[in-house]
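Biologist: I'm new to this one and would like to learn how to read it. Could you walk me through a few features, piece by piece?

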Amino acid sequence: MHPWTIRVSVLPDELFSTWLVRAALAQGCDPMHLTGALWPRWRAWTVDLDRGINEHRMAILAGRSGVDAARLEAATLRPILAAVAPGIKPAKANWPWVLAQGSRNRRRRGGLQFCPLCLAGDATPYFRRTWRLAWHVGCVRHRTLLADHCGHCQSLIEPHRVHTNDATLCRCPSCGHDLRRTTTVEVCPQALTFQVTADQVLAHGHGTWLATEISREEWFRLAEIHAGGRILVRRDDEVSLGLTALPMSLQRPSERVLRLRMALRGMNGEPRGRPAPPTRSNTEHKQTQVTAPSHHDAPARPAPARPQAKVQGEWIRLLRRLRVGHP
Ligand SMILES: [Zn+2]
Ligand SMILES: [Zn+2]
(Lines give C-alpha, C1' and ligand atoms only; values in the text may rest on other atoms or scores of the structure.)
(Ligands and ions follow the chains in the order given, each with its own letter.)
Protein backbone atom coordinates (compact mmCIF):
# COMPACT_ATOMS: atom_id res chain seq x y z
CA MET A 1 0.00 0.00 0.00
CA HIS A 2 1.15 3.52 -0.79
CA PRO A 3 1.70 6.08 1.92
CA TRP A 4 -0.64 9.04 2.01
CA THR A 5 0.14 11.98 -0.26
CA ILE A 6 0.14 14.44 2.61
CA ARG A 7 1.70 13.58 5.95
CA VAL A 8 -0.30 15.00 8.85
CA SER A 9 1.53 15.25 12.19
CA VAL A 10 -0.25 14.69 15.50
CA LEU A 11 -0.45 18.07 17.29
CA PRO A 12 0.21 18.49 21.06
CA ASP A 13 -2.52 16.67 23.07
CA GLU A 14 -4.44 15.96 19.84
CA LEU A 15 -7.16 13.31 20.09
CA PHE A 16 -6.53 10.22 17.95
CA SER A 17 -9.91 9.96 16.18
CA THR A 18 -10.05 13.64 15.31
CA TRP A 19 -6.47 13.52 14.01
CA LEU A 20 -7.73 10.76 11.69
CA VAL A 21 -10.53 13.06 10.49
CA ARG A 22 -8.04 15.88 9.93
CA ALA A 23 -5.75 13.49 8.04
CA ALA A 24 -8.65 12.37 5.81
CA LEU A 25 -9.60 15.95 4.94
CA ALA A 26 -5.96 16.75 4.14
CA GLN A 27 -5.96 13.89 1.59
CA GLY A 28 -9.18 15.31 0.10
CA CYS A 29 -11.44 12.46 1.19
CA ASP A 30 -14.05 12.04 3.89
CA PRO A 31 -13.19 10.08 7.05
CA MET A 32 -15.32 7.05 6.11
CA HIS A 33 -13.52 6.59 2.79
CA LEU A 34 -10.14 6.89 4.45
CA THR A 35 -10.89 4.26 7.09
CA GLY A 36 -12.57 2.03 4.46
CA ALA A 37 -9.34 2.09 2.44
CA LEU A 38 -7.21 1.47 5.54
CA TRP A 39 -9.29 -1.27 7.09
CA PRO A 40 -11.72 -2.83 4.58
CA ARG A 41 -14.62 -4.78 6.15
CA TRP A 42 -14.28 -2.88 9.46
CA ARG A 43 -16.77 -0.14 10.25
CA ALA A 44 -14.28 1.89 12.21
CA TRP A 45 -16.59 4.78 13.09
CA THR A 46 -19.11 2.53 14.85
CA VAL A 47 -16.63 2.04 17.71
CA ASP A 48 -14.87 4.49 20.01
CA LEU A 49 -11.53 4.70 18.19
CA ASP A 50 -10.05 6.78 21.00
CA ARG A 51 -10.14 3.71 23.24
CA GLY A 52 -7.40 2.34 20.97
CA ILE A 53 -7.24 -0.06 18.03
CA ASN A 54 -5.49 -3.41 17.74
CA GLU A 55 -1.82 -3.72 16.87
CA HIS A 56 -2.40 -4.98 13.35
CA ARG A 57 -4.68 -2.07 12.42
CA MET A 58 -2.36 0.40 14.12
CA ALA A 59 0.60 -0.94 12.10
CA ILE A 60 -1.34 -0.42 8.86
CA LEU A 61 -2.23 3.11 9.90
CA ALA A 62 1.37 3.92 10.88
CA GLY A 63 2.62 2.57 7.54
CA ARG A 64 0.17 4.64 5.51
CA SER A 65 0.34 7.84 7.52
CA GLY A 66 4.09 7.89 8.13
CA VAL A 67 3.41 8.62 11.82
CA ASP A 68 5.02 6.35 14.39
CA ALA A 69 2.60 3.81 15.92
CA ALA A 70 3.74 4.75 19.44
CA ARG A 71 2.86 8.41 18.79
CA LEU A 72 -0.58 7.39 17.52
CA GLU A 73 -1.13 5.10 20.51
CA ALA A 74 -0.20 8.00 22.82
CA ALA A 75 -3.00 10.08 21.26
CA THR A 76 -5.61 7.51 22.35
CA LEU A 77 -7.18 7.38 25.82
CA ARG A 78 -5.50 4.10 26.75
CA PRO A 79 -2.47 5.63 28.49
CA ILE A 80 -4.85 7.72 30.63
CA LEU A 81 -6.90 4.67 31.60
CA ALA A 82 -3.71 2.79 32.47
CA ALA A 83 -2.63 5.70 34.68
CA VAL A 84 -5.85 6.46 36.57
CA ALA A 85 -7.34 2.95 36.77
CA PRO A 86 -4.65 0.35 36.04
CA GLY A 87 -6.90 -2.46 37.25
CA ILE A 88 -9.46 -1.86 34.50
CA LYS A 89 -9.18 -3.92 31.33
CA PRO A 90 -9.54 -1.85 28.12
CA ALA A 91 -12.36 -4.16 26.98
CA LYS A 92 -14.55 -2.98 29.88
CA ALA A 93 -17.62 -1.07 28.69
CA ASN A 94 -17.21 1.93 30.98
CA TRP A 95 -13.86 3.50 31.65
CA PRO A 96 -13.67 5.56 34.83
CA TRP A 97 -13.24 9.28 34.18
CA VAL A 98 -13.64 8.90 30.40
CA LEU A 99 -16.70 10.35 28.67
CA ALA A 100 -18.76 7.68 26.95
CA GLN A 101 -19.62 8.10 23.29
CA GLY A 102 -22.51 5.67 23.35
CA SER A 103 -22.18 4.95 19.63
CA ARG A 104 -25.16 3.72 17.68
CA ASN A 105 -24.13 2.99 14.10
CA ARG A 106 -22.12 6.05 13.18
CA ARG A 107 -24.17 8.42 15.36
CA ARG A 108 -23.08 9.19 18.90
CA ARG A 109 -24.83 10.23 22.06
CA GLY A 110 -22.12 12.38 23.58
CA GLY A 111 -18.56 12.21 24.67
CA LEU A 112 -16.70 15.05 22.98
CA GLN A 113 -16.33 18.55 24.36
CA PHE A 114 -14.50 21.59 23.06
CA CYS A 115 -13.52 25.15 23.88
CA PRO A 116 -14.77 27.43 21.09
CA LEU A 117 -12.07 30.00 21.89
CA CYS A 118 -9.25 27.43 21.68
CA LEU A 119 -10.54 26.26 18.29
CA ALA A 120 -10.79 29.89 17.16
CA GLY A 121 -7.22 30.59 18.26
CA ASP A 122 -5.68 27.51 16.60
CA ALA A 123 -3.68 28.03 13.40
CA THR A 124 -4.85 24.49 12.58
CA PRO A 125 -8.02 23.83 14.60
CA TYR A 126 -7.92 20.47 16.36
CA PHE A 127 -9.61 18.60 19.22
CA ARG A 128 -7.69 17.88 22.42
CA ARG A 129 -7.45 14.48 24.07
CA THR A 130 -8.32 16.07 27.42
CA TRP A 131 -11.72 17.06 25.99
CA ARG A 132 -12.74 13.40 26.34
CA LEU A 133 -12.08 13.35 30.10
CA ALA A 134 -14.90 13.58 32.64
CA TRP A 135 -12.84 15.75 35.02
CA HIS A 136 -12.40 18.35 32.27
CA VAL A 137 -15.30 20.78 32.31
CA GLY A 138 -13.55 24.04 31.53
CA CYS A 139 -10.72 25.62 29.59
CA VAL A 140 -7.92 26.73 31.91
CA ARG A 141 -6.68 29.25 29.35
CA HIS A 142 -10.00 30.94 28.63
CA ARG A 143 -11.81 30.03 31.90
CA THR A 144 -14.86 29.00 29.87
CA LEU A 145 -17.21 26.07 30.37
CA LEU A 146 -16.51 23.50 27.66
CA ALA A 147 -19.25 23.07 25.06
CA ASP A 148 -20.49 19.67 23.92
CA HIS A 149 -23.18 20.59 21.40
CA CYS A 150 -23.44 22.78 18.32
CA GLY A 151 -24.47 26.25 19.48
CA HIS A 152 -26.94 26.56 16.59
CA CYS A 153 -28.74 23.20 16.09
CA GLN A 154 -27.77 21.50 19.41
CA SER A 155 -26.35 18.46 17.58
CA LEU A 156 -23.59 16.49 19.25
CA ILE A 157 -20.00 17.05 18.23
CA GLU A 158 -19.22 14.39 15.64
CA PRO A 159 -16.20 15.49 13.59
CA HIS A 160 -16.09 12.16 11.72
CA ARG A 161 -19.35 13.10 9.96
CA VAL A 162 -17.77 16.21 8.43
CA HIS A 163 -18.13 16.71 4.67
CA THR A 164 -15.07 16.79 2.44
CA ASN A 165 -16.04 20.14 0.91
CA ASP A 166 -16.05 21.76 4.37
CA ALA A 167 -12.38 20.77 4.85
CA THR A 168 -12.46 21.79 8.49
CA LEU A 169 -13.29 20.16 11.79
CA CYS A 170 -14.88 23.39 12.97
CA ARG A 171 -18.13 23.10 11.07
CA CYS A 172 -21.13 21.28 12.55
CA PRO A 173 -21.82 18.37 10.15
CA SER A 174 -25.56 18.71 10.81
CA CYS A 175 -26.17 22.42 10.15
CA GLY A 176 -22.88 23.88 8.93
CA HIS A 177 -22.60 26.31 11.85
CA ASP A 178 -19.05 27.32 12.77
CA LEU A 179 -18.35 25.76 16.20
CA ARG A 180 -15.86 28.54 16.93
CA ARG A 181 -18.78 30.95 17.16
CA THR A 182 -20.45 29.01 19.98
CA THR A 183 -21.36 31.34 22.85
CA THR A 184 -19.21 30.74 25.92
CA VAL A 185 -19.93 31.11 29.63
CA GLU A 186 -17.53 31.31 32.55
CA VAL A 187 -16.69 28.02 34.24
CA CYS A 188 -17.10 27.54 38.01
CA PRO A 189 -13.68 28.30 39.65
CA GLN A 190 -13.96 25.42 42.17
CA ALA A 191 -14.59 22.88 39.40
CA LEU A 192 -11.62 24.29 37.53
CA THR A 193 -9.49 23.98 40.68
CA PHE A 194 -10.41 20.30 40.91
CA GLN A 195 -9.64 19.85 37.20
CA VAL A 196 -6.18 21.43 37.53
CA THR A 197 -5.42 19.35 40.64
CA ALA A 198 -6.47 16.15 38.86
CA ASP A 199 -4.25 17.04 35.90
CA GLN A 200 -1.33 17.47 38.30
CA VAL A 201 -2.04 14.11 39.94
CA LEU A 202 -2.17 12.51 36.49
CA ALA A 203 1.16 14.09 35.53
CA HIS A 204 3.02 13.43 38.79
CA GLY A 205 1.71 9.94 39.61
CA HIS A 206 0.61 10.78 43.15
CA GLY A 207 -1.64 13.16 45.05
CA THR A 208 -2.55 14.17 48.56
CA TRP A 209 -5.66 13.61 50.56
CA LEU A 210 -6.06 14.90 54.14
CA ALA A 211 -2.31 15.67 54.15
CA THR A 212 -1.49 12.04 53.30
CA GLU A 213 0.35 11.16 50.10
CA ILE A 214 -1.54 8.56 48.11
CA SER A 215 -1.00 6.98 44.69
CA ARG A 216 -2.55 8.36 41.53
CA GLU A 217 -4.86 5.35 41.31
CA GLU A 218 -6.06 5.81 44.89
CA TRP A 219 -6.53 9.55 44.39
CA PHE A 220 -8.75 9.12 41.32
CA ARG A 221 -10.71 6.32 42.98
CA LEU A 222 -11.37 8.42 46.08
CA ALA A 223 -12.25 11.46 43.97
CA GLU A 224 -14.67 9.33 41.94
CA ILE A 225 -16.41 8.27 45.14
CA HIS A 226 -16.50 11.83 46.47
CA ALA A 227 -17.96 12.95 43.14
CA GLY A 228 -20.87 10.65 43.89
CA GLY A 229 -20.17 7.88 41.43
CA ARG A 230 -21.22 5.21 43.90
CA ILE A 231 -23.53 4.91 46.86
CA LEU A 232 -21.59 3.87 49.92
CA VAL A 233 -23.89 3.77 52.89
CA ARG A 234 -22.50 1.30 55.38
CA ARG A 235 -23.71 0.32 58.79
CA ASP A 236 -21.62 1.78 61.63
CA ASP A 237 -18.94 3.64 59.67
CA GLU A 238 -21.41 6.19 58.27
CA VAL A 239 -19.65 6.70 54.95
CA SER A 240 -22.77 7.90 53.27
CA LEU A 241 -22.68 9.32 49.79
CA GLY A 242 -25.49 10.03 47.40
CA LEU A 243 -25.46 9.97 43.63
CA THR A 244 -27.31 11.44 40.71
CA ALA A 245 -29.28 9.53 38.11
CA LEU A 246 -26.63 9.46 35.40
CA PRO A 247 -23.06 8.22 35.63
CA MET A 248 -20.56 11.05 35.30
CA SER A 249 -19.34 9.67 31.97
CA LEU A 250 -22.75 10.45 30.43
CA GLN A 251 -23.27 13.87 31.96
CA ARG A 252 -22.92 17.22 30.29
CA PRO A 253 -20.13 19.61 31.38
CA SER A 254 -22.53 21.82 33.37
CA GLU A 255 -23.80 18.76 35.28
CA ARG A 256 -20.31 17.48 36.01
CA VAL A 257 -19.37 20.86 37.50
CA LEU A 258 -21.44 19.97 40.57
CA ARG A 259 -19.78 16.56 40.84
CA LEU A 260 -16.31 18.09 40.66
CA ARG A 261 -17.20 20.63 43.34
CA MET A 262 -18.27 17.74 45.60
CA ALA A 263 -15.05 15.90 44.75
CA LEU A 264 -12.99 19.00 45.61
CA ARG A 265 -14.66 19.31 49.00
CA GLY A 266 -14.23 15.62 49.70
CA MET A 267 -10.58 15.54 48.74
CA ASN A 268 -9.98 18.56 50.96
CA GLY A 269 -11.63 16.76 53.87
CA GLU A 270 -14.58 19.14 54.00
CA PRO A 271 -18.02 17.81 54.88
CA ARG A 272 -20.48 17.28 52.05
CA GLY A 273 -23.02 20.08 52.23
CA ARG A 274 -24.62 21.28 55.47
CA PRO A 275 -24.36 19.01 58.50
CA ALA A 276 -27.65 17.22 59.02
CA PRO A 277 -29.64 17.92 62.18
CA PRO A 278 -29.59 14.97 64.61
CA THR A 279 -32.21 12.41 63.66
CA ARG A 280 -33.37 9.16 65.18
CA SER A 281 -31.47 7.08 62.66
CA ASN A 282 -28.27 9.11 63.18
CA THR A 283 -28.32 8.84 66.93
CA GLU A 284 -29.04 5.13 66.91
CA HIS A 285 -26.40 4.39 64.26
CA LYS A 286 -28.76 2.30 62.26
CA GLN A 287 -28.38 2.77 58.55
CA THR A 288 -29.34 0.79 55.55
CA GLN A 289 -26.51 -1.07 53.90
CA VAL A 290 -26.40 -0.20 50.22
CA THR A 291 -23.09 -0.85 48.56
CA ALA A 292 -23.84 -1.72 44.95
CA PRO A 293 -23.73 0.95 42.24
CA SER A 294 -27.24 1.98 41.45
CA HIS A 295 -28.97 4.06 38.83
CA HIS A 296 -31.75 5.13 41.15
CA ASP A 297 -32.02 8.82 41.70
CA ALA A 298 -31.09 9.01 45.34
CA PRO A 299 -30.70 12.44 46.91
CA ALA A 300 -27.32 13.29 48.43
CA ARG A 301 -27.40 12.48 52.14
CA PRO A 302 -25.53 15.12 54.14
CA ALA A 303 -23.00 13.61 56.52
CA PRO A 304 -23.43 14.45 60.20
CA ALA A 305 -20.70 16.60 61.74
CA ARG A 306 -17.97 14.34 63.11
CA PRO A 307 -14.45 14.87 64.41
CA GLN A 308 -11.81 15.02 61.68
CA ALA A 309 -9.84 12.10 63.19
CA LYS A 310 -12.90 9.84 63.01
CA VAL A 311 -13.60 10.84 59.43
CA GLN A 312 -9.98 10.18 58.53
CA GLY A 313 -10.10 6.74 60.18
CA GLU A 314 -13.17 5.77 58.18
CA TRP A 315 -11.62 6.87 54.92
CA ILE A 316 -8.33 5.10 55.62
CA ARG A 317 -10.34 1.88 56.03
CA LEU A 318 -12.08 2.64 52.76
CA LEU A 319 -8.75 3.33 51.09
CA ARG A 320 -7.47 -0.08 52.18
CA ARG A 321 -10.47 -1.70 50.53
CA LEU A 322 -9.80 0.28 47.34
CA ARG A 323 -6.29 -1.14 47.08
CA VAL A 324 -7.94 -4.42 46.12
CA GLY A 325 -9.02 -2.73 42.90
CA HIS A 326 -12.12 -1.48 41.19
CA PRO A 327 -15.35 -3.37 41.83
ZN1 LIG B 1 -9.91 27.57 25.48
ZN1 LIG C 1 -25.30 22.42 14.13
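Biologist: Let's start with valine 187: is it buried or exposed?

Modeller: This is a predicted model, so everything we say is computed from it. The way to judge is to count neighbours: a residue is called buried if 20 or more other C-beta atoms lie within 10 Å of its own. Valine 187 has 22 other C-beta atoms within 10 Å, so it is buried.

Biologist: Where is valine 187 found along the chain?

Modeller: Valine 187 sits in the loop between strand 2 (144–145) and helix 7.

Biologist: And which residues does valine 187 contact, leaving aside its neighbours within four places in sequence?

Modeller: With those set aside, valine 187 is in contact with Val137, Gly138, Arg143, Thr144, Leu145 and Leu192. Take Val137 as one case: valine 187 and valine 137 are 50 residues apart along the chain, yet their C-alpha atoms are separated by 7.6 Å.

Biologist: What share of the contacts in the protein with a separation of 6 or more comes from residues 24 or more positions apart?

Modeller: They account for 67% of those contacts.

Biologist: Let's try leucine 112. Where is it, and is it buried or exposed?

Modeller: Leucine 112 is in the loop between helix 5 and helix 6. It has 21 other C-beta atoms within 10 Å, so it counts as buried. Beyond four places in sequence, leucine 112 contacts Phe127, Trp131, Arg132, Asp148 and Ile157. The C-alpha atoms of leucine 112 and tryptophan 131 are separated by 6.2 Å, with their positions 19 residues apart along the chain.

Biologist: Now backbone angles. What is phi for tryptophan 97?

Modeller: Look at the sign, and at the residue type. Tryptophan 97 has a positive phi of about 70 degrees, and it is not a glycine. Tryptophan 97 lies in the loop between helix 5 and helix 6 (116–121), and it is buried, with 24 other C-beta atoms within 10 Å.

Biologist: What about phi of alanine 211?

Modeller: Alanine 211 also isn't a glycine, and its phi is positive, near 65 degrees. You'll find alanine 211 in the loop between strand 3 (206–209) and strand 4 (212–215). Alanine 211 has 7 C-beta neighbours inside 10 Å, so it counts as exposed.

Biologist: What does an in-between case look like?

Modeller: Try glutamate 218, which is found in helix 8. Glutamate 218 has 18 other C-beta atoms within 10 Å, so it is partly exposed. The C-alpha atoms of glutamate 218 and alanine 85 are separated by 8.7 Å, although the two are 133 residues apart along the chain.

Biologist: How do I read the way two helices pack, say helix 8 and helix 9?

Modeller: Read the angle and the distance between the axes, then the handedness, then the residues that touch. Helix 8 and helix 9 pack at an angle of about 120 degrees, with their axes 8 Å apart. That angle makes helix 8 oblique to helix 9. Their crossing is right-handed. On the helix 8 side the contact is made by Leu222, Ala223 and His226, and on the helix 9 side by Met262, Ala263, Gly266 and Met267.

Biologist: And how do helix 7 and helix 9 cross?

Modeller: Their axes come within 8 Å and cross at roughly 65 degrees. This makes helix 7 roughly perpendicular to helix 9. The crossing of helix 7 and helix 9 is left-handed. Gln190, Ala191, Thr193, Phe194 and Gln195 of helix 7 meet Val257, Leu260, Arg261, Ala263 and Leu264 of helix 9.

Biologist: Last topic, the core. Which residues touch the most other members of the largest nonpolar core?

Modeller: In soluble globular proteins, nonpolar side chains tend to be buried together. Here the largest nonpolar core has 65 residues, and Val98, Phe114, Leu146, Ala223, Leu260 and Ala263 touch the most other members. Helix 1 (16–27), helix 5 (78–84), helix 7 (189–204), helix 8 (216–226) and helix 9 (253–267) each give two or more residues to this core. Helix 1 gives the largest share, 7 residues. The core also draws at least three residues from each of domain 1 (16–181) and domain 2 (189–322).

Biologist: What does leucine 146 touch, not counting residues up to four places away in sequence?

Modeller: Leucine 146 touches Gln113, Phe114, Cys115, Trp131, His136, Val137, Gly138, Cys139 and Pro253.

Definitions and conventions:
Residues are numbered from 1 along each chain as its sequence is written. Chains are lettered from A and ligands numbered from 1 in the order in which they are written. This is a predicted model: local features need pLDDT of at least 70, side-chain atom pairs count only at pLDDT 80 or more; totals for chains, interfaces and linings use all residues. A nonpolar core is a set of buried Ala, Val, Leu, Ile, Met, Phe, Trp, Tyr and Cys residues joined through C-beta atoms within 7 Å. A residue is buried if 20 or more other C-beta atoms lie within 10 Å of its own, exposed if 12 or fewer, and partly exposed in between; C-beta atoms are placed from the backbone. Helices (H or I, at least four residues) and strands (E, at least two) are DSSP runs, numbered from the N terminus. Domain bounds come from an automatic or database domain assignment. Two residues are in contact if their C-beta atoms, placed from the backbone, lie within 7 Å. Axes are lines fitted to C-alpha atoms, for helices over the stretch in contact, and angles run from 0 to 180 degrees between N-to-C directions. Angles under 35 degrees count as roughly parallel, over 145 as roughly antiparallel, 65 to 115 as roughly perpendicular and the rest as oblique. A crossing is left-handed if the near helix is turned anticlockwise from the far one by less than a right angle, and right-handed if clockwise.
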